[in-house]
Amino acid sequence: MHELGIVVHIAKTLDQVAAENELKKIGSVTLDIGEVSGIVPEYLTECWEFYRKKNPLIAECEMKIESLPAVTICEDCQKTYETVTYGRQCPHCGSYETYLVTGNECSIKEIEAC
């Protein structure tokens, strides 16, 4: 379960942000998680609920998750399409010369201090 490692990394990042901004508590953190990132939101939430209790800074911090759609672009026709629906083959021209543009990321979008 790599979700626990992700939670630990997020908590360390929040500790750094809090120290830099002299924050005593963080109310919420919003994450952007790509549709094909391999992260299971339910597992991430479970890990967060467990781990946040170990750190007074984030003990009451809510984790919000926003899903980013997976989008692929075709190098031949330059059109984009939904990755999950069509896979690797471009639905516009049939080419396999495609690559993922978005949908594989995991990043902190917003931190709310309280």
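In this predicted model, K25 lies in the loop that joins α1 to β1. Its relative accessible area is 34%, so K25 counts as partly exposed. Apart from neighbours within four places in sequence, K25 is in contact with L57, E60, A113 and C114. The C-alpha atoms of K25 and T85 are separated by 41 Å, the two residues being 60 apart along the chain.

The loop between α1 and β1 (26-34) also holds E22. The backbone of E22 has a positive phi of about 55 degrees, although E22 is not a glycine. With a relative accessible area of 69%, E22 is exposed. A second residue with a positive phi is Q78, which is likewise not a glycine and has a phi near 65 degrees. Q78 is placed in the loop between β3 (71-74) and β4 (80-82). Its relative accessibility of 55% is over the 50% cut-off, and Q78 therefore counts as exposed.

The packing of two helices may be taken next. Helix α1 comprises residues 3-21 and helix α2 residues 41-51; their axes come within 9 Å and cross at roughly 50 degrees. An angle of roughly 50 degrees falls between the limit of 35 degrees for roughly parallel and the lower limit of 65 degrees for roughly perpendicular, and α1 and α2 are therefore oblique to each other. The crossing of α1 and α2 is right-handed. On the side of α1, the contact is made by E3, L4, I6, V7, V8, I10, A11 and L14, and on the side of α2 by Y43, L44, C47, W48 and Y51. By character, the residues of this contact divide into 12 nonpolar, 1 charged and no polar.

One of the α2 residues in that contact, C47, leads to the question of the cysteines. How many disulfides does a search of the whole structure find? The search finds 0 disulfides. For C47, the nearest cysteine sulfur is that of C106, 12 Å away, and C47 is in no disulfide. Since a disulfide requires the two sulfur atoms to be within 2.5 Å, a separation of 12 Å does not qualify. C47 has a relative accessibility of 7%, which is under 20%, and therefore counts as buried. C93 is in no disulfide either; the nearest cysteine sulfur to it, that of C74, is 3.6 Å away. This separation of 3.6 Å also fails the requirement of 2.5 Å, so the pair is not counted as a disulfide. C93 has a relative accessible area of 42% and is partly exposed.

Attention now turns to two loop residues that touch each other. V36 is placed in the loop between β1 and α2, whereas N104 is found in the loop between β5 (98-102) and β6 (106-113). Not counting residues up to four places away in sequence, V36 touches A70, V84, L100, G103 and N104. On the same basis, N104 is in contact with G34, V36 and S37. The contact between V36 and N104 thus brings together residues of these two loops. In terms of accessibility, V36 counts as partly exposed at 33%, and N104 is partly exposed as well, with a relative accessible area of 49%.

Both residues also have partners that are distant along the chain. V36 and V84 are 48 residues apart in sequence, and their C-alpha atoms are separated by 7.9 Å. N104 and P69 are 35 residues apart in sequence, with their C-alpha atoms separated by 8.9 Å.

The last residue to consider is Y86, which is placed in helix α3 (residues 83-86). Is Y86 buried, partly exposed or exposed? At 44% relative accessibility, Y86 lies between the limits of 20% and 50%, and therefore counts as partly exposed. Leaving aside neighbours within four places in sequence, Y86 is in contact with Y81 and P91. The C-alpha atoms of Y86 and T72 are separated by 9.2 Å, and these residues are 14 apart along the chain.

Key
Residues are numbered from 1 along each chain as its sequence is written. This is a predicted model: local features need pLDDT of at least 70, side-chain atom pairs count only at pLDDT 80 or more; totals for chains, interfaces and linings use all residues. Side-chain values use heavy atoms; hydrogens and water are left out. Buried means under 20% relative accessible area, exposed over 50%, partly exposed in between (1.4 Å probe, protein chains only). Axes are lines fitted to C-alpha atoms, for helices over the stretch in contact, and angles run from 0 to 180 degrees between N-to-C directions. Helices (H or I, at least four residues) and strands (E, at least two) are DSSP runs, numbered from the N terminus. Angles under 35 degrees count as roughly parallel, over 145 as roughly antiparallel, 65 to 115 as roughly perpendicular and the rest as oblique. A crossing is left-handed if the near helix is turned anticlockwise from the far one by less than a right angle, and right-handed if clockwise. Contact means heavy atoms within 4.5 Å. Ala, Val, Leu, Ile, Met, Phe, Trp, Tyr, Cys and Pro count as nonpolar, Asp, Glu, Lys and Arg as charged, and the others, Gly among them, as polar.
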